Amino acid sequence: LLGAFFGVAAANGAAVMETFIKLLSDNGTIVSNSEPADAPLEPAPAGHIPSDVFNDEELEELVGIITFYQPELDAVMSYNNDTNFTRVGPIQGRIFYVGRLEEVPVVLTLSGVGLTNAAQTTQLLISEFGVKYILGSGIGGSLSEKVFIGDVVIPDRWAQYQMSHQAREDAQGNYSLPEWANKWLVRAGGSECLVNDTLVCELANDTANYFSDFTTLIEVADPDAADDTRYLEVGGRRLFDIEVDPIMFRVAAQLTSTAPGYGSFGKFIDLNPVGRGRPEIQHGGRGLAGNSFIDNAHYRTYMHETFESDIVDMESSATAAVAHQNAIPFLIVRSASDLAGGSEDGDDKSAVSDLMEFLDVAADNSAMVIAAFLQEWRRRDD
């Protein structure tokens, strides 16, 4: 049905939009491109920063720090030992804190949970404050046995994984997709299922609901596209990952949780312990983000094996996408507060119970790494 009526539906939508725009124009609501508008189209960079807070040189090094959940903001704020922040806002419902963290000029804020909140707040940091770099700090769910609660993960790329197709079940209980949708399915390593018009992925026909959901990654838009080719491609293959800034990642790679004298190098960070274990800082790999809180061990395994990721959260890919579209260097740090599906079998140890128990520890470990990163970032050219 979609194939038969797609063109008709699109044409009807375009016709309604054309009529709507004409009505707006006739009523003087729309200002033509040839007429000056009453207000500037773009806000002045750093327009909300009090003039006596930063000098011009500091404004060129301004770092926007985005957190996503109140305990994450509180944790980062706790490392502000030198100065008081200037409270700015609300701006479109968000409060911003302007000041210095580890002697680095920053604008710190809280987005709220979810991709939309993260995207909106990231854009506000860029458009309203003119930040030149973006850091993200928060908690996440572990997808892998090698990431334990309290560990800090600093991915070198981020992807959004919840583009999905709720597949139709046939009379035999199998799920199927139309051929044009097969290319949406992405397996390990980011390869597309449809290669040279041949389906190369084996579709899982499982009675579990999540296997009828054929989840895939979402393609990365090209901010420099001059035509209708809207996605980044390498060698004819679309990209699904947004890479963090290589310079910021190189500085972050110097941070270690391995104690001096035990083969460590770089800057040692004594992370908060969890139980008898000492958390580690892990660098590289793909981070995932989508709008679902994951408390399903089977789906956790599916995500890890399908998308080759060790950490998942609900905001980072949106912050990455907005930074990417604005050509703003970024880096995001996440500390595992839970295993996405629970750390033990049974109902007594779910991801929710993990989260409630280890939330503050994980938020502080992430904030600790952010503070250490800023120390090294300030000295990066020394």
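**Stop 1: strand β2 and the residues after it**

Select Pro 90, which lies in strand β2, the run of residues 86-91. The model on the screen is a predicted one. Now display the backbone between Gly 89 and Pro 90: the peptide bond that joins them is cis, with omega at about 5°. Most peptide bonds are trans, and most residues other than glycine have a negative phi.

Proceed to Gln 92, in the loop between β2 and β3. Gln 92 is not a glycine, yet its phi is positive, at about 50°. Is Gln 92 buried or exposed? Its relative accessible area is 58%, and the cut-off for an exposed residue is over 50%, so Gln 92 counts as exposed.

**Stop 2: strand β4 and its partners**

Select residues 104-110, which form strand β4. How many of the seven residues of this strand are buried? The count is six, and β4 is therefore largely enclosed by the rest of the structure.

Two strands that pair with β4 can be added to the selection. Strand β3, residues 94-101, pairs with β4 in the antiparallel sense, over six bridges. To see one position in this pairing, select Val 98 together with Val 107 of β4, which stands opposite. Follow the chain from β3 into β4: the two strands form a hairpin with two residues between them. In that turn, select Glu 102, which has a positive phi of about 55°.

Next, add strand β1, residues 63-67. In which sense do β1 and β4 pair? They pair in the parallel sense, over five bridges. Here the positions to display are Val 63 and, opposite, Val 106 in β4.

**Stop 3: helix α4**

Select residues 115-129, the 15 residues of helix α4. With 1.5 Å allowed for each residue, the helix should span 21 Å; the C-alpha atoms at its ends are 21 Å apart, which agrees with that expectation. Colour the buried residues of α4, among them Leu 115, Ala 118, Leu 124, Leu 125, Ile 126 and Phe 129. Thr 121, Thr 122 and Glu 128 also belong to the buried residues of this helix. Immediately after α4 comes Gly 130, with a positive phi near 65°.

**Stop 4: Glu 308**

Move along the chain to Glu 308, in the loop between α7 (297-307) and β19 (309-313). Glu 308 is a residue other than glycine with a positive phi, near 50°. Its relative accessible area is 46%, so Glu 308 is partly exposed.

**Stop 5: salt bridges**

How many salt bridges does the structure hold? There are 12, and three of them may be visited in turn.

Select Arg 380 and Glu 61, whose side chains meet in a salt bridge at 2.8 Å, N to O. This pair links distant parts of the chain: Arg 380 is in the segment after α9, whereas Glu 61 is in the loop between α2 (56-59) and β1, and the two are 319 residues apart. Arg 380 counts as partly exposed, at 27% relative accessibility. Glu 61 is also partly exposed, at 29%.

Select next Arg 278 and Asp 270, joined by a salt bridge of 2.5 Å, N to O. Arg 278 has a relative accessible area of 47% and is partly exposed. Asp 270, at 45%, is likewise partly exposed.

Then display Asp 313 and Arg 334, which form a salt bridge with their closest N and O atoms 3.0 Å apart. The pair links distant parts of the chain: Asp 313 is in strand β19 and Arg 334 in strand β20 (residues 330-339), 21 residues apart. Both residues of this pair are buried. Add Glu 72 and Glu 315 to the selection: salt bridges with shared partners join them with Asp 313 and Arg 334 into one network.

**Stop 6: Asp 364**

Finally, select Asp 364 in helix α9, residues 351-378. Which side chain of opposite charge is nearest to Asp 364? It is that of Arg 278, and it is 11 Å away. Asp 364 is buried and has no salt bridge. To display its surroundings, select Ala 75, Ser 78, Tyr 79 and Asn 272, the residues that Asp 364 touches when those up to four places away in sequence are not counted.

Key:
Residues numbered from 1 in each chain as written. Predicted model: local features only at pLDDT ≥ 70, side-chain atom pairs only at ≥ 80, totals over all residues. Heavy atoms only, no water. Helix = DSSP H or I, 4+ residues; strand = E, 2+ residues; numbered from the N terminus. Buried < 20%, exposed > 50% of the residue type's maximum accessible area, 1.4 Å probe, protein only. Lys, Arg positive; Asp, Glu negative; His and termini not counted. Salt bridge = Lys/Arg side-chain N within 4 Å of Asp/Glu carboxyl O. Contact = heavy atoms within 4.5 Å. Pairing = 2+ DSSP bridges. Expected span 1.5 Å × (residues − 1).
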